[in-house]
Amino acid sequence: MTDVNEQSFSAGNSTDSPGSHRKLSSRLRAPAPLWRFRTGLQPVSVVRTLKAKIIPRIFFTMKSLATPATDVAEQEAVDPVIAFAALTLSMDDGAASGFIDNLLAQGVSVEKIFLDWLAPAARRLGDQWETDETDFANVTLGVSRLQRIMRQLGDDFCGDISHAEGGESVLLTTIPGEQHSFGLSMVAEFFRRGGWNLCTGPFDSHRELTSLVHNHWFDVVGFSVSSDRRLDELKRDIGSIRSGSRNRRVGIMLGGPMLSTHPELVAAVGADMMSLDATTAPQSARSLIDHMKGHA
């Protein structure tokens, strides 16, 4: 649970029927651009760079999806995810959504857009922030645009919701105080698609989180771990959930890219399992429920 205080990461209501792909660029409305907060950057030069370098590269990449490669070396030099991430910071609010429209028109599935475009672009923006390539205001702008695209696509993605499994309940959240939640919001869409009863954070405080699990039944609580800065707090939260949860056999899952290199964190903080793949996380959660029932 591999990009914002939200009580629900499930997609908002839409007037479009499931399966309809009316252009995102015509559906999205954005806040005023935040370029003015970025120091040392002239908007005119950014637009010029996008028109002269970035957008032509995107066009070349999109064209290569439909035609045989003629120059492998040139294609390898183009990173379309980096180009797409740049579009999320464009002064043109419709640039990123227009790019996604092109993918949809080519028949790319919503699931692939989630996993191959939105999630990597969010990671790219996070890397740019960590390395001081861009500032917080611009990262916030870019991630908010990715969030809106994902929510608009969410109804199409979840149009075939399955209720066959009985509607188990899951709480997905970050450690209270953590701000990186785009990956978690994407995982939530896969749970919603699977017919789960879904509640999401992040939460402002330890007390708010523990009060929720004390008063409401959850089969599974999942935490997204984005860094090692709050592991002591995570361990405390998990201990409090186990001792005060309304469901005394609640399962605890961890997710996030950090777990791929540090799987030992699962045992260290007192969780039951980890899941690194958004597509299989709901199935893993159901297996965890069965495991917890078997050890009652």
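**Exercise 1.** Which residues in α5 meet which residues in α6? Describe how the two helices pack.

*Solution.* The model is predicted.

Step 1. On the side of α5, the residues are Phe99, Ile100, Leu103 and Leu104; they meet Val110, Ile113, Trp117 and Leu118 in α6.

Step 2. Sorted by class, the residues of this contact comprise 8 nonpolar, no polar and no charged.

Step 3. Two packed helices are described by the angle between their axes and the distance between the axes. Here the axes of α5 (residues 95-105) and α6 (residues 110-130) come within 11 Å and cross at roughly 135 degrees.

Step 4. An angle over 145 degrees would count as roughly antiparallel, and 65 to 115 as roughly perpendicular. The helices α5 and α6 are therefore oblique to each other, and their crossing is right-handed.

**Exercise 2.** Determine how α8 is oriented relative to α13, and place Ser287.

*Solution.* Step 1. Helix α8 spans residues 182-193 and helix α13 spans residues 281-294; their axes lie 8 Å apart, at an angle of about 70 degrees. Because angles of 65 to 115 degrees count as roughly perpendicular, α8 is roughly perpendicular to α13.

Step 2. In the contact, Val187, Phe190 and Phe191 of α8 meet Ala281, Pro282 and Ala285 of α13. The contact has 6 nonpolar, no polar and no charged residues.

Step 3. Ser287 also lies in α13. Its relative accessibility is 44%, so Ser287 counts as partly exposed.

Step 4. The C-alpha atom of Ser287 is 10.0 Å from that of Gly251, although the two residues are 36 residues apart along the chain.

**Exercise 3.** Identify the backbone features at Pro202 and Asp132.

*Solution.* Step 1. Most residues other than glycine have a negative phi, and most peptide bonds are trans.

Step 2. The peptide bond from Gly201 to Pro202 is cis, with omega near 5 degrees. Pro202 belongs to the loop between β2 (197-200) and α9 (206-215).

Step 3. Asp132 has a positive phi, near 65 degrees, and is a residue other than glycine. Asp132 is found in the loop between α6 and α7 (136-157). With 67% relative accessibility, Asp132 counts as exposed.

**Exercise 4.** State where the confidence of the prediction is under 50.

*Solution.* Step 1. The average pLDDT of the protein is 75, and 69% of the residues score at least 70.

Step 2. Over residues 1-22 the pLDDT stays under 50; the model has 76 contacts beyond four places in sequence for this stretch.

Step 3. Residues 25-48 likewise stay under 50 in pLDDT, with 37 contacts beyond four places in sequence.

Definitions and conventions. Residues numbered from 1 in each chain as written. Predicted model: local features only at pLDDT ≥ 70, side-chain atom pairs only at ≥ 80, totals over all residues. Heavy atoms only, no water. pLDDT = per-residue confidence, 0-100. Contact = heavy atoms within 4.5 Å. Axes fitted to C-alpha atoms, helices over the stretch in contact; angles between N-to-C directions. Helix = DSSP H or I, 4+ residues; strand = E, 2+ residues; numbered from the N terminus. Parallel < 35°, antiparallel > 145°, perpendicular 65-115°, else oblique. Left-handed = near helix turned anticlockwise from the far one by under 90°. Nonpolar A, V, L, I, M, F, W, Y, C, P; charged D, E, K, R; others polar. Buried < 20%, exposed > 50% of the residue type's maximum accessible area, 1.4 Å probe, protein only.
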